[in-house]
Amino acid sequence: MKLEAWHFSLPIIPLLILLHLWAVPFTKVEESFNIQATHDFLAYGLSYNNAVAKIDAFYDHVRFPGAVPRTFIGALALAGISNPFVQIFDLDLPAQQMLARGVLGFLNAAALSFYIVGVRRAYGKETALWLIGLQASQFHITFYASRTLPNMFAFAMTTFALRFTLPEPAPSLAPIKRSKLALYMMTIVTIIFRSEVALLLLGHCLQTLIRSSSSINQVVSTIRNVLLPSVLTATVAGLALTVSIDTFIWRSPRLLWPEAAAFLSNVFPSPGSQGASAWGTSSWHWYLSSALPRLTSTPLLAILPIYIFHPTAIHRQVLALLLPAFVYLGLYSLLPHKETRFLFPILPTVNTALALVATHITQRTSRTTVYRFLAPILVFTTLLSLLASHLILLPLSALTYPGGHALGIVHAHAASAQPQPELHVHLTNLALQTGVTHFLEKPLRHSGQTRWVYDKSDNSSGKYTEKKFWNRFDYVVVEDEETVPVWPDMRFQTVGQVMGLGRPRLVTGARGGETDGVVMLLGRMYGENLLGRAAAGIYKVAKQLGIGVTRGRWLAWQHDPALVVLKRSHDVVEEVDTRGVQEAGMR
């Protein structure tokens, strides 16, 4: 492949993914299964000797199996790729978590880059550049690319597969082989990671049949030579892989196909269960009216229907790109439970269609006044979305992981105190859901080192009112210090507080110029250096421009207390009446 000038813009994608990883290194509860499994594979391995005993004794999923089983294949791949670097550089646990997430982020960046190169070959350099700009200006894929959700393991493979569905002037593979490879990869993803990719697979199968619909014989030949071989062989291969590995690691007495179990549990729940609908439902049009506009964040989406339904020069290209996405979107909209990340598999093709429209407009600015008017608006809104995604949404998202910060405060405080042979920490549910993983815990590496014990029990049995429960702990991380009762001979002292993202509030008039939590957070993220000052300056300029347009109105985010870190005080208070004197900063 000949190196071209536009290729130098490709590193923007991995660099932005690394920026999001660095800015928000912690994970949330929906990522916990894969990140904890990756830790277990790196820490304990899967040796032939005593593998079963090791799994039962140490692996996280034995104690916390979750609502439905998930596959270990993604975590196993991350651990396998990461392990040589862990051994060579002797990385500590937090660095291992960053590495594992970085590996996944790199795979997704490589998939996007591979796809963009295909777009360049299919539609030209300007369309590829527009696709890079649109992808870089969007928040969600960049933020989630390194997050160990099953969706992101699936995203890497589906994006690689989508590359082979693009038209190519001089393909290195025959068209039939390209189609078979794309369908094969989508089927593998469906079997192992995300069952909804079957809808995308169906869309591409229909498109393949439409392209070969010149005669009945041609359709039959396509089914026999393309669809059936690729789908059936991938199904057998995927089932062999996931059933063998996951049945063993889950210690299941029966053959286990995790993705099928999750699909049945969510879509066809047992009597008395709501399935996925328990997590909320949305109207049938939510993907079109809410999710897709937030994912793309560009006015191009409003123009796109013109190019779908009106016979323009790129009408056929746009329609061919979006047909499988229409099938996916239409069928998936029938399910009541909806999430933004469920649209990730079709986002590359939607963005490609938007890039085609942008190219069509910018190449014709000399022809009509409408295009001359639209072109600078598209450039400006793309830059504005770029700044908003990485200078506003990213800092705001960083505030939603208080658990990881709280555990860091516990470890830092203990390191500055007198060493203890053993320390017990209680972590509340919010901390566990917003950053705490085994990668952030302190392992016992050698004798003489402090042994850390982490308690993750909840208050389901009312134990929070019992003295013997709290008497075990040296540190507790809770949402409110009032959670911990006060006894005359046992108290806890506040040693740290973690601020979280509060609700946005509308400020008006003179108050619109106030400094809100975003500016403070930018300073914390980027420091008092040139980058930090530039980020804060850009945000303030955007804020003032916004205030001018909205006549002084502005959404300001504040920091609200999220978690409190308490340390047990060993000073015994003799009488309850002295509580008012002794309790300054104490609970």
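# Rings, helices and loops in a predicted model

Tutor: Arg251 is partly exposed, with a relative accessible area of 37%. This model is predicted.

Student: Where is the place of Arg251?

Tutor: Arg251 is not a glycine, although its phi is positive, at about 60 degrees. Its relative accessible area of 37% makes it partly exposed. The residue belongs to no helix here; its place is the loop between helix H12 (216-249) and helix H13 (258-267).

Student: Which value is phi of Asp90 near?

Tutor: Asp90 is in the loop between helix H5 (73-89) and helix H6 (93-123). Its relative accessibility is 65%, and over 50% counts as exposed, so Asp90 is exposed. Its phi is positive in a residue other than glycine, near 50 degrees.

Student: How many aromatic pairs does the structure hold?

Tutor: One of the pairs joins Phe153 and Phe193. The count for the structure is 24.

Student: Is the pair of Phe153 and Phe193 stacked or edge-to-face?

Tutor: The ring centres lie 5.7 Å apart. The planes differ by 10 degrees. Stacking needs under 30 degrees, so the pair is stacked.

Student: How many residues apart in sequence are the parts that this pair ties together?

Tutor: Phe153 lies in helix H9 (residues 150-163). Phe193 lies in the loop between helix H10 (175-192) and helix H11 (197-211). The pair therefore ties together parts whose separation in sequence, in residues, is 40.

Student: Is Phe193 buried or exposed?

Tutor: Its partner Phe153 has a relative accessible area of 8% and is buried. Phe193 is also at 8% relative accessibility. Buried means under 20%, so Phe193 counts as buried.

Student: Which residues form one aromatic cluster?

Tutor: The cluster draws on Phe, Tyr and Trp residues. Its members are Phe33, Phe41, Tyr44, Phe58, Tyr59, Phe72 and Trp250.

Student: At what distance from the ring centre does Arg147 lie over the face of Phe143?

Tutor: Lys28 lies over the face of Tyr401, at 5.0 Å from the ring centre. Arg147 lies over the face of Phe143, and its distance from that ring centre is 4.5 Å.

Student: Are H1 and H7 roughly parallel or roughly antiparallel?

Tutor: Two packed helices are described by the angle between their axes and the distance between the axes. Helix H1 (residues 12-23) and helix H7 (residues 125-137) have axes 10 Å apart. Their angle is about 5 degrees. Under 35 degrees counts as roughly parallel, so H1 and H7 are roughly parallel.

Student: How many residues of the contact of H1 with H7 are nonpolar?

Tutor: H1 brings Ile12, Ile13 and Leu16, while H7 brings Ile132, Gln135 and Ala136. One residue of the contact is polar and none is charged. The nonpolar residues number five.

Student: Which residues is Ile73 in contact with, leaving aside its neighbours within four places in sequence?

Tutor: Ile73 is found in helix H5. Its relative accessible area is 12%, so it is buried. Its C-alpha is 18 Å from that of Ala111, 38 residues away along the chain. Its contacts are Ile192, Phe193, Leu241, Thr242, Ile245 and Asp246.

Student: What is the relative accessible area of Asp246?

Tutor: Asp246 is found in helix H12. Beyond four places in sequence, it touches Arg70, Thr71, Phe72, Ile73, Leu256 and Pro258. Asp246 is buried, with a relative accessible area of 0%.

Student: What distance separates the C-alpha atoms of Gly280 and Glu339?

Tutor: Gly280 lies in the loop between H13 and helix H14 (286-296). It is partly exposed, at 30% relative accessible area. Not counting residues up to four places away in sequence, it touches Pro336 and His337. Glu339 is 59 residues away along the chain, and the C-alpha separation is 9.3 Å.

Student: Which residues is His413 in contact with, leaving aside its neighbours within four places in sequence?

Tutor: His413 lies in helix H19 (residues 402-415). At 23% relative accessibility, it counts as partly exposed. Asp60 is 353 residues away in sequence and 27 Å away, C-alpha to C-alpha. The contacts of His413 are Tyr475, Val495 and Lys567.

Notes:
Residues numbered from 1 in each chain as written. Predicted model: local features only at pLDDT ≥ 70, side-chain atom pairs only at ≥ 80, totals over all residues. Heavy atoms only, no water. Phe/Tyr/Trp six-rings, centres within 6.5 Å; stacked < 30°, edge-to-face > 60°. Helix = DSSP H or I, 4+ residues; strand = E, 2+ residues; numbered from the N terminus. Buried < 20%, exposed > 50% of the residue type's maximum accessible area, 1.4 Å probe, protein only. Lys NZ or Arg CZ within 6 Å of the ring centre and 35° of its normal. Axes fitted to C-alpha atoms, helices over the stretch in contact; angles between N-to-C directions. Parallel < 35°, antiparallel > 145°, perpendicular 65-115°, else oblique. Contact = heavy atoms within 4.5 Å. Nonpolar A, V, L, I, M, F, W, Y, C, P; charged D, E, K, R; others polar.
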